[in-house]
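Subject: A structure for you to look at

Hello,

Here is the structure I promised to pass on. Have a look at it first, and then read on for what I found in it.

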Amino acid sequence: MHKQLMKGNEAIVKSAILAGCRAFYGYPITPASEITEAAALYMPQAGGVFLQAESEVAAINMLYGAASAGVRSMTSSSGPGISLMQEGMSCMAGAELPCVIADITRGGPGLGSIAAEQGDYHQVVKGGGHGNYRTIVLAPHSVQEMADLTALAFELADRYRNPVVLLADGFIGQMMEPVEFSQTAIAPRQPEWAVAGTEATLFLESDALEAHQNHLEAKYRRAQECEVLAEEWQTEDAEIVLTGYGIVARILKAVAAEARKLGLKVGVLRPITLFPFPTKHFQRLAKSAQVFVVVEMSNGQMLEDVRLALNGARPVEFFSRVGGNVPSHEEVLNIVKEQARKILAAKQPNEEQMANV
């Protein structure tokens with residue numbers, strides 16, 4: 001397989017078609033517009049359907065129709081558009097309809113800006129629609145992962161009959177890197193659960209709705225047991241564990257590499273699935289690490305899940321930039337050095353006591 005140089009947004013569409021996706025309904029929005037443009041170009045060539053909807057609300061409901069007919073389908077948007085899609089996402093989760101939604105995040109709230117941010121974490125990972133439901137969320141940190149995780153997203157969507165969100169900040173969507181499409185093209189197929197217009201997802205009887213919600217919750221618990229993905233980078237002896245996703249994780253790896261040259265024991269834990277969250281990875285590293293440093297392009301949204309995972313076992317420090325600003329290498333490295341000094345200061349009294357024994 002030869003590599004192709006392309007934007008992350010384009011890689012999503014090519015991978016989706018190889019994964020058997022044959023329907024795309026969307027509405028352009030910066031910094032996700034190239035996804036819609038690529039779908040308009042490539043989807044008809046593959047014998048699929050492309051339709052630019054009149055709004056994001058229309059797009060997600062078109063996706064509902066295609067998915068209910070058994071067609072692998074997807075849409076894409078960014079913050080304000082994802083907000084408009086939330087009711088449809090809730091309905092699709094309730095109807096157990098698989099689909100893939102690419103969210104290439106920008107600054108908010110409201111229209112915010114067109115610059116990259118990570119402020120969509122809460123509305124995507126926690127579910128911005130109503131009711132007891134979850135979406136499986138994958139967070140790529142390279143253009144290659146945009147392709148790889150899109151293919152995985154369609155598999156997980158079918159496996160759990162649930163919407164799956166590819167959550168990538170605007171930098172990953174807009175950057176260009178070499179990509180290799182290793183998967184074999186999947187032919188579209190009709191699943192046995194596809195409907196013919198006779199089913200409904202309205203439960204007027206309380207016990208029936210409770211049973212349905214318990215059924216959905218069992219799926220999410222199964223996903224938490226079976227589908228967690230995370231990358232650990234030089235964490236074997238790490239006293240300081242940096243954690244972040246998307247473009248931030250690339251910065252953290254560079255910082256950890258420089259810190260190692262300075263003799264500091266620094267590693268990186270990168271969540272790849274934001275739901276299910278890699279709680280056990282954090283708990284295992286807490287047995288040896290002294291401190292965790294969360295870095296985000298938000299005011300602290302993933303931070304809440306890290307603190308819940310650690311449950312007070314280790315201190316958690318936080319650093320962020322927002323509004324389209326990116327945490328710099330120097331800013332994060334200074335935080336690492338500060339934490340290293342604190343760890344050394346905490347060790348020093350013990351060393352002096354041992355010397356006096």
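Let me start with one residue: Thr 36 counts as buried, at 4% relative accessibility. Please keep in mind throughout that this is a predicted model. Thr 36 lies in helix H2, which covers residues 33-45. Leaving aside residues up to four places away in sequence, Thr 36 touches Phe 24, Tyr 27, Pro 28, Phe 50 and Ser 76. Two of these contacts will come up again when we reach the strands.

First, the neighbouring helices. H2 packs against H1 at an angle of about 35 degrees, and their axes are 8 Å apart. The crossing of these two helices is right-handed. On the H1 side the contact involves Asn 9, Glu 10, Ile 12, Val 13, Lys 14 and Ile 17, which meet Glu 34, Ile 35, Ala 38, Ala 39, Tyr 42 and Met 43 of H2. By type, the residues of this contact are eight nonpolar, one polar and three charged.

H1 (residues 8-18) also packs with helix H6 (residues 143-160), again at an angle of about 35 degrees and with the axes 8 Å apart. That crossing, of H1 with H6, is right-handed. H1 contributes Gly 8, Asn 9, Ala 11, Ile 12, Ser 15 and Ala 16, while H6 contributes Val 143, Met 146, Ala 147, Thr 150, Ala 151 and Phe 154. In the contact of H1 with H6 there are eight nonpolar residues, four polar ones and no charged ones.

How much of H1 is buried? Nine of its eleven residues are, so H1 is largely enclosed by the rest of the structure. The buried residues of H1 are Gly 8, Asn 9, Ala 11, Ile 12, Val 13, Lys 14, Ser 15, Ala 16 and Ile 17. After H1 comes Gly 20, which has a positive phi, near 95 degrees.

Now to the strands, and back to Phe 24 and Ser 76. Strand E4 (residues 73-77) is mostly covered, with five of its five residues buried. In a regular strand, side chains alternate between the two faces of the sheet. Both faces of E4 are covered: Ser 73, Thr 75 and Ser 77 are buried on one side, and Met 74 and Ser 76 are buried on the other. Strand E2 (residues 23-26) runs parallel to E4 and is joined to it by two bridges. Phe 24 has Met 74 as its bridge partner in E4. E4 is also joined to strand E5 (residues 99-105), by four bridges, and this pair runs parallel too. Here Ser 76 stands opposite Ala 102 of E5.

Further along the chain there is an open sheet of five strands, in the order E9-E11-E10-E13-E14 and with mixed pairing. Strands E9 (230-233) and E14 (316-320) are at the edges with a single partner strand each, so one side of each has no neighbour in the sheet. From one strand to the next, the twist averages 20 degrees. Within this sheet, strands E10 (residues 240-243) and E11 (residues 266-271) run parallel and are joined by four bridges. Ile 240 has Val 266 as its bridge partner in E11. Helix H9 (residues 247-261) packs on the sheet, where it touches E9, E10, E11 and strand E13 (291-296), and its direction makes about 165 degrees with that of E11.

One residue to find in H9 is Ala 249. Ala 249 is buried, with a relative accessible area of 0%. It touches His 141, Gly 244 and Arg 270, not counting residues up to four places away in sequence. Ala 249 and Val 268 are 19 residues apart along the chain, and their C-alpha atoms are separated by 7.8 Å.

Finally, the cysteines. How many disulfides does the structure hold? The number is zero. For Cys 21, the closest cysteine sulfur is that of Cys 99, and at 10 Å it is too far for a bond. Cys 21 is buried, with a relative accessible area of 0%, whereas Cys 226 counts as exposed at 52% relative accessibility.

Enjoy exploring it!

Best wishes

Methods
Residues numbered from 1 in each chain as written. Predicted model: local features only at pLDDT ≥ 70, side-chain atom pairs only at ≥ 80, totals over all residues. Heavy atoms only, no water. Axes fitted to C-alpha atoms, helices over the stretch in contact; angles between N-to-C directions. Left-handed = near helix turned anticlockwise from the far one by under 90°. Contact = heavy atoms within 4.5 Å. Nonpolar A, V, L, I, M, F, W, Y, C, P; charged D, E, K, R; others polar. Pairing = 2+ DSSP bridges. Disulfide = S-S within 2.5 Å. Buried < 20%, exposed > 50% of the residue type's maximum accessible area, 1.4 Å probe, protein only.
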